[in-house]
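This report concerns one protein model and its bound ligands. The sequence and structure are shown first.

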Amino acid sequence: MTRVAVNGPAGRMGQTVIETAADRDDVEVVVGFDVDGPDEVQGVPVVDAADAADALAEYDADVAVDFTVPEATLSLAEACTEAGVGMVVGTTGFDEDGFARLDDAAEDVPLLKATNFARGVHALLRAISEALPAVPEYDLELMETHHNGKIDAPSGTAKTMLETVQEERDVEPVYGREGHAPRDEDEIGVFARRAGDIRGEHELIAAGNDEVLSLSHHAEDRSVFAAGALDAAVWIENQDPGRYDFGNVIDQ
Ligand SMILES: NC(=O)C1=CN([C@@H]2O[C@H](COP(=O)(O)OP(=O)(O)OC[C@H]3O[C@@H](n4cnc5c(N)ncnc54)[C@H](OP(=O)(O)O)[C@@H]3O)[C@@H](O)[C@H]2O)C=CC1
Ligand SMILES: O=C(O)C1=N[C@H](C(=O)O)C[C@H](O)C1
């Protein structure tokens, strides 16, 4: 049984992680960390995030799972380093300094970060790598759609898709278009839509030669992300310090 601490337990994903864990027998959420949050969420005690290092030890947590904001993730990374506890990071929107600080933490504890914990998105990334060499001249465009509460744009997954594309094609992103904006053959348009409670949609199209190839993923429920993150928590519990990604869990 992997004992899990959840950072941001009252958030959309934090609540879903707790709900999803309750239906599994390989994980148990033992504590949550928040700032000015409730005292408990679904029966899980919530401790002030400033006291996370002590609480990780007190509640004997094996792994911390984080879906919050970059500042909160980085503060949790310090606590995990102090407590010697591994981390699963789902939060998106880090800048270069944030990535570097996660790398620093991974020198002391195992740290697995993924911009998307849906297995289907992992398959989508592999499909993109496989497909692009077959359509070398086609125009590429990337679209993502999320709920109206999402802060960062484009989504972390869209950025990962862009990186995957750029491993195959030398394209420069153009974030939205406006006014006189003729398309350059080496550009890839990147578009972010925000509406309602859409869980997460991503699509890459490749168009040319009288055809359109569409590679897409649609998350129907946040539990798909929570399930992947909990699979990652179970996997990372016994790993050595270092940086890992969701592919390590899928390929185990
Ligand atoms: N990798 C993946 O598969 C997925 C990643 N995500 C990412 O997860 C992140 C969270 O998404 P979502 O759950 O929708 O966001 P929410 O805003 O619903 O939840 C974030 C939670 O973090 C809390 N929080 C803020 N600061 C701290 C802190 N210092 N310590 C602890 N908790 C804190 C917030 O509390 P308060 O509201 O009081 O500030 C809130 O409850 C985003 O970056 C999103 O992109 C989301 C889905 C899947
Ligand atoms: O904020 C969300 O909701 C999601 N965020 C992740 C991202 O930024 O890619 C993953 C998923 O699409 C849901």
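The text below treats the first strand, the annotated domain and a ligand shell.

The model is predicted: local features need pLDDT of at least 70, side-chain atom pairs count only at pLDDT 80 or more, and totals for chains, interfaces and linings use all residues. Residues are numbered from 1 along each chain as its sequence is written, while chains are lettered from A and ligands numbered from 1 in the order in which they are written.

Strand 1 covers residues 2–7, five of its six residues being buried (20 or more other C-beta atoms, placed from the backbone, within 10 Å of a residue's own). Strands (E, at least two residues) and helices (H or I, at least four) are DSSP runs numbered from the N terminus. Strand 1 pairs with two strands, where pairing requires at least two DSSP bridges.

| Partner of strand 1 | Sense | Bridges | Opposed residues |
|---|---|---|---|
| Strand 2 (residues 27–34) | parallel | six | Thr2 and Val27 |
| Strand 5 (residues 63–66) | parallel | four | Ala5 and Ala64 |

Helix 1 (residues 12–22) links into a right-handed β-α-β unit with strands 1 and 2; right-handed denotes a clockwise path from the first strand over the helix to the second, with the strands pointing away from the viewer.

An unreviewed UniProt entry places the domain "Dihydrodipicolinate reductase C-terminal" at residues 120–249; such annotations may be inferred rather than shown by experiment. That stretch is 33% helix and 30% strand, with its end C-alpha atoms 13 Å apart.

The residues around ligand 2 (C-beta atom, placed from the backbone, within 6 Å) include His146, Lys150 and Thr157. By class, eight are polar, one is charged and none is nonpolar, with Gly counted as polar. Domain 1 (2–117 + 222–250) and domain 2 (119–218) each supply at least three residues to this shell, the bounds coming from an automatic or database assignment.

Terms used:
A residue is buried if 20 or more other C-beta atoms lie within 10 Å of its own, exposed if 12 or fewer, and partly exposed in between; C-beta atoms are placed from the backbone.
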